[in-house]
Amino acid sequence: LGFWFLSLGLGYTSSVPTSYHSHPIFFLEALVVLAMIQHAICFLPHGGCMVIYTDNFNSMSMFNTLAALPHYNWILLSAVDTLLAHDLDFHVFYIPGQENIITDHLSHGHVSDAVALSLNLSVSGFTPPQDALG
């Protein structure tokens with residue numbers, strides 16, 4: 001799992017927790033969007049705006065329409081709670097995987113490859129949101 005904030009030069013990476021191994025890739029992609037939202041509140045002012053890029057159409061659709069299958073509702077509810085509590089506006093855009101190279105390297109744990117593409121990138125670990133399991 002991985003994501004980064006281009007404007008801050010900050011990247012985050014995590015292995016997939018054992019409790020999530022049975023979940024499909026869409027679940028993990030949506031979990032990363034939730035993690036991004038939860039991390040962004042540390043850097044954005046109350047009432048700020050953010051844009052998220054993902055290479056997963058289902059995640060983009062879920063967060064932009066605020067509609068999810070029952071198994072994904074906890075991820076969506078947690079994201080909405082965070083966004084409302086901090087008065088954040090956001091939109092998720094699709095970006096093809098081949099154009100999302102740094103995120104791809106981070107999500108596979110290839111930190112040195114990500115840093116080689118963005119020399120000002122500082123990478124830390126993160127713990128995926130635990131409340132997403134409901």
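Reader: Which label fits Leu44 at 26% relative accessibility: buried, partly exposed or exposed?
Author: A quick word first: this is a predicted model, where local features need pLDDT of at least 70 and side-chain atom pairs count only at pLDDT 80 or more, while totals for chains, interfaces and linings use all residues. Residues are numbered from 1 along each chain as its sequence is written, and side-chain values use heavy atoms, leaving out hydrogens and water. Buried means under 20% relative accessible area and exposed over 50%, with partly exposed in between (1.4 Å probe, protein chains only). Because its relative accessibility is 26%, Leu44 counts as partly exposed.

Reader: Which residues does Leu44 touch, leaving aside those up to four places away in sequence?
Author: Leu44 sits in the loop between H1 and S3; helices (H or I, at least four residues) and strands (E, at least two) are DSSP runs numbered from the N terminus. Contact here means heavy atoms within 4.5 Å. Beyond residues up to four places away in sequence, Leu44 touches Cys49, Met50 and Leu88.

Reader: How far apart in space are Leu44 and His86, C-alpha to C-alpha?
Author: Along the sequence, Leu44 and His86 are 42 residues apart. In space, their C-alpha to C-alpha distance is 8.9 Å.

Reader: Are H1 and H3 roughly parallel or roughly antiparallel?
Author: Their axes, lines fitted to C-alpha atoms over the stretch in contact, come within 10 Å and cross at roughly 15 degrees; such angles run from 0 to 180 degrees between N-to-C directions. Angles under 35 degrees count as roughly parallel, over 145 as roughly antiparallel, 65 to 115 as roughly perpendicular and the rest as oblique. So H1 and H3 are roughly parallel.

Reader: Which element gives the most residues to the largest nonpolar core?
Author: A nonpolar core is a set of buried Ala, Val, Leu, Ile, Met, Phe, Trp, Tyr and Cys residues joined through side-chain atoms within 4.5 Å. The largest one holds 31 residues, and Phe3, Ile37, Ile52, Met62, Phe63, Ile75 and Phe90 touch the most other members. Strands S1 (2–5) and S4 (89–94) are among the elements that each supply at least two residues. The top contributor, with 12 residues, is H1.

Reader: Is Ser118 buried or exposed?
Author: Ser118 is found in the loop between helix H5 (111–117) and strand S5 (122–125). Not counting residues up to four places away in sequence, Ser118 touches Trp4 and Ile102. With a relative accessible area of 10%, Ser118 is buried.
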